[in-house]
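Visitor: I'm new to this one, so please walk me through it bit by bit.

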Amino acid sequence: MRLRVATYNVRDLRDDRDAVTAVLRSLRCDVLCLQEVPRRWFERSSVSRLAREAALRWVCGGRPSGGTAVFVSRRVDVLDHVAFRLPVPGPFTRTRGAAAVTVALDGASLTAVSVHLPLDSELRETHARIVRARVAAQPTPAADAGCLVLAGDLNEPPGGPAWAVLGAGLRDVGAGPGAAPTFPALRPRRRIDALFVGDGPRVTDVRVPGSAGAATAADEPSLEDLRSASDHLPVVIDLVLPVPGRG
């Protein structure tokens, strides 16, 4: 079964909201892992509206997960979801957390986790370890079968300790000679947004819309929208999921 998954930091919708909506719609995702969605108690309607305008369903996250969230398309069934906070020092430190969803399509399933790690390097590693521990402590049949995606804004480049912890035993699908930077959107120089995939799915495509050399097909987000929507670029992957019992 073919699924499209993406990760995207939308910067609290502080930039051009119409551009954010245009980018999300053009990505045509089945599972969308978001970071920096509005997270105040009075902003819930803003997240609901964003999902609705993007033709997606808001499954979990927002305030309960410190600003991470997962949206899904209408073509998948939601089997399970969870959102949780990560510890931060003091009442004025930006909230952090993770949101996880397990979806199914025609017998195939996938667990996707959206995470936003902090700026402090030691806390980043601590949060990465907590997320991996929570995933291990709340296993799903999909994750046990290797159909797991960990996605998010890691706030550090590959090779960092949190990057290594979060991606342990998984594939960094954005790596390799053609690895594209994701930040800042106007002139991308650093790859700090990641998608790690278990050994269950087959990855058929990986791309960073708006990066140098990225496809500019008619159905891709426009450069104008990408640069107006956020200070990050999205990362998009196409997967083929194994269906249990089918050879």
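Guide: Let's start with helix 1, which lies across strand 1, strand 2 and strand 12, running at about 160 degrees to strand 1. Helices (H or I, at least four residues) and strands (E, at least two) are DSSP runs, numbered from the N terminus. Angles run from 0 to 180 degrees between N-to-C directions, with axes fitted as lines to C-alpha atoms, for helices over the stretch in contact. This is a predicted model, where local features need pLDDT of at least 70 and side-chain atom pairs count only at pLDDT 80 or more, while totals for chains, interfaces and linings use all residues. Residues are numbered from 1 along each chain as its sequence is written, and side-chain values use heavy atoms, leaving out hydrogens and water.

Visitor: What order do the strands take in the open sheet with strand 1 and strand 12's neighbours, the mixed one?

Guide: That open sheet has six strands in the order 3-4-2-1-12-11, with mixed pairing. Two strands count as paired if DSSP finds at least two bridges between them. Strand 3 (57-61) and strand 11 (202-207) each have a single partner strand, so one side of each is left without a neighbour in the sheet. On average, neighbouring strands here are turned by 20 degrees against each other, direction ignored.

Visitor: And strand 1, how many of its residues are buried?

Guide: Seven of the eight residues of strand 1 (residues 2-9) are buried. Buried means under 20% relative accessible area, exposed means over 50%, and partly exposed is in between, using a 1.4 Å probe and protein chains only.

Visitor: How many bridges join strand 1 to strand 12, and how many to strand 2?

Guide: Strand 1 pairs with strand 12 (residues 235-240) in the antiparallel sense over six bridges, and R2 stands opposite V240. Strand 1 and strand 2 (residues 31-35) run parallel and are joined by five bridges, with Y8 partnered by L34.

Visitor: What about strand 11 and strand 12, how many bridges there?

Guide: Five, in the antiparallel sense. D205 stands opposite D238 of strand 12.

Visitor: Okay, new topic. Which strands does helix 2 lie across?

Guide: Helix 2 (residues 44-53) lies across strand 3 and strand 4 (69-72), at about 140 degrees to strand 3.

Visitor: What's odd about phi in D12?

Guide: D12 has a phi near 60 degrees, a positive value in a residue other than glycine. L13 has a positive phi too, about 55 degrees, and is not a glycine either. Most residues other than glycine have a negative phi, and most peptide bonds are trans. D12 sits in the loop between strand 1 and helix 1, and counts as buried at 16% relative accessibility. L13 is in the loop between strand 1 and helix 1 as well, buried at 13%.

Visitor: Where's the cis peptide bond?

Guide: The cis bond joins F183 and P184, with omega about -10 degrees. P184 lies in the loop between strand 9 and strand 10.

Visitor: T182, is that one buried or exposed?

Guide: T182 is buried, with a relative accessible area of 1%. T182 belongs to the loop between strand 9 (171-172) and strand 10 (193-197). Its side chain makes a polar contact with the side chain of D193 (2.5 Å). A polar contact is a pair of N or O atoms within 3.5 Å; within protein, one must be able to donate a hydrogen and the other to accept it, and residues adjacent in sequence count only if both atoms are side-chain atoms.

Visitor: There's a second open sheet, right? In what order are its strands?

Guide: The order is 5-6-7-8-10-9, six strands with mixed pairing. Its edge strands are strand 5 and strand 9, each pairing on one side only. Helix 3 packs on this sheet, touching strand 5, strand 6, strand 7 and strand 8. Touching means contact, with heavy atoms within 4.5 Å.

Visitor: Which residues of helix 3 are buried?

Guide: They are L123, R124, H127, A128, V131 and V135. Seen down the axis of helix 3, the buried residues fall within an arc of 140 degrees, so they line one face of the helix. That arc is of the directions from the helix axis to the C-beta atoms. On the other side, E122, A136 and A137 are exposed.

Visitor: What caps the N-terminal end of helix 3?

Guide: D120 does, with a side-chain oxygen 3.2 Å from the backbone nitrogen of E122.
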